[in-house]
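Reader: Hey, I'm new to this one. Can you pull it up and walk me through it?

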Amino acid sequence: MTIRVAHVGTGNVGRLALTELVTNPQFELTGLCVSATEKVGKDAGTLAGVDVSTGVSAVNDLDAVLATGPECVVYCAMGDTRLPDAMEDVRRILAAGINVVGSSPGLLQYPWGVMPDKYIARIEDAARQGNSSIFISGVDPGFINDLIPFALASTCQRIEQVRCMEIADYATYDGSEVMYYMGFGRPLDEKPMLLQPGVLSIAWGTAIRQLAAGLGIEVDEVTESYQREPAPEDFDIAVGHVRQGTMAALQFEIRGMVDGHPAIVVEHITRLRQDLRPDWPQPAQPGGSYRVEIVGEPSYAVDICPSSRKGDHNHAAIVAAAGRIVNAIPAVIAAAPGIRTTLDLPLITGKGVYAREEIAAI
């Protein structure tokens, strides 16, 4: 029996999530909500970039999409720069008795200890009202910070530190809003939103707090630091022109401290050219990779190298984020009402996604 789903947002993650919804026979797409006026009226298959006519046309009315009666909404609208609106959207969906999986609002990945309790309560109250549940995830923050380290930690006798790293060249990342939010191509005397005091600790605080909860430790405080590197000359990237002297590389850390020791660390090394800051950690494959390190008994250093037949490492990572969300739909529908996390859900195995190459190429 197919699962009736609706979809919100067709940006980088949303378009690829929509691709699975319209090509995977597990799902029946009931509605599609977009924000860009030029997308309104277009078939979902067209917006997903696949040669499939779904008969579902995009609208810019969330209520109209909810009226189609989905069991679950895949919510991929931008949340970083419109957090209050995104929170209100998912609250409305949950209160209507519809489950939610999504890539945003990112703070709902694991909000306890990160968001004020009153905001968490609004989401939980809506979920109880609608007997619905919500699961927010992705790559990083996402399964690189919870599913993978938890799997490794389950084999350890002792753990001193868990470090989760993203090491990537973002030159091909086609997301201007995210790049501006991070500060790329902007003067170093400007401080972008991501690097405002406390923002890193909030954005990745969900990952720190969830890892701490899973490991059964209490984080005393969350600290952060960053380094920036200017462009040595003018050059172009996917989202535009980078002028000499503007930010072209960024390294940051968020640390969950326990008794003065960095027990949990999230580190990002993001470059716009591979030759910048060669002294910073390098990816395990050209372009980019993820790394999970555990210091303990035993210790681990595991590199995750996403790749795709349809794009580079950045494209592959976004496909992974979309897959993590969509494949969780059956488990989230079956879950108890409320905010659900990786700690609550059963192991999601990718059931139903096997397909031969000629089928997958559609």
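Reader: Okay, how many residue pairs are in polar contact across the interface of domain 1 and domain 2?
Author: The rule finds 2 residue pairs there, both at pLDDT 80 or more. A polar contact is a pair of N or O atoms within 3.5 Å; within protein, one must be able to donate a hydrogen and the other to accept it, and residues adjacent in sequence count only if both atoms are side-chain atoms. Bear in mind that this is a predicted model: local features need pLDDT of at least 70, side-chain atom pairs count only at pLDDT 80 or more, and totals for chains, interfaces and linings use all residues. Residues are numbered from 1 along each chain as its sequence is written, and side-chain values use heavy atoms, leaving out hydrogens and water.

Reader: And how many salt bridges across that interface of domain 1 and domain 2?
Author: The count is 0 salt bridges, taking one as a side-chain nitrogen of Lys or Arg within 4 Å of a carboxyl oxygen of Asp or Glu.

Reader: Which helix gives the largest share of the side of domain 1 that touches domain 2?
Author: That's helix H10 (residues 313-326), with 3 residues. Helices (H or I, at least four residues) and strands (E, at least two) are DSSP runs, numbered from the N terminus. The residues on that side of domain 1 split into 7 nonpolar, 5 polar and 2 charged. Here Ala, Val, Leu, Ile, Met, Phe, Trp, Tyr, Cys and Pro count as nonpolar, Asp, Glu, Lys and Arg as charged, and the others, Gly among them, as polar.

Reader: Back up a sec, where are the two domains?
Author: Domain 1 covers 3-136 + 317-339, and domain 2 covers 147-305; these bounds come from an automatic or database domain assignment. Their contact (heavy atoms within 4.5 Å) takes 14 residues from domain 1 and 14 residues from domain 2. The C-alpha centres of domain 1 and domain 2 are 26 Å apart.

Reader: New topic: what's the strand order in the open sheet of 7 strands?
Author: The order is S3-S2-S1-S4-S5-S6-S15, with parallel pairing. Two strands pair if DSSP finds at least two bridges between them.

Reader: Which strands stand at the edges?
Author: Strand S3 (58-59) and strand S15 (338-340) do; each has a single partner strand, so one side of each lacks a neighbour in the sheet. S15 pairs with strand S6 (residues 133-136) over 3 bridges, and one of the bridge partners is Gly338, opposite Ser133.

Reader: How do S13 and S14 run?
Author: Antiparallel: 5 bridges join S13 (residues 288-297) to S14 (residues 300-304). A hairpin of 2 residues links S13 to S14, and Arg291 has Asp303 as its bridge partner in S14.

Reader: Last one, which peptide bonds are cis?
Author: Ser104 to Pro105 is cis, with omega near -5 degrees, and so is Asp140 to Pro141, with omega near 5 degrees. Pro105 is in the loop between strand S5 (99-102) and helix H5 (117-130).
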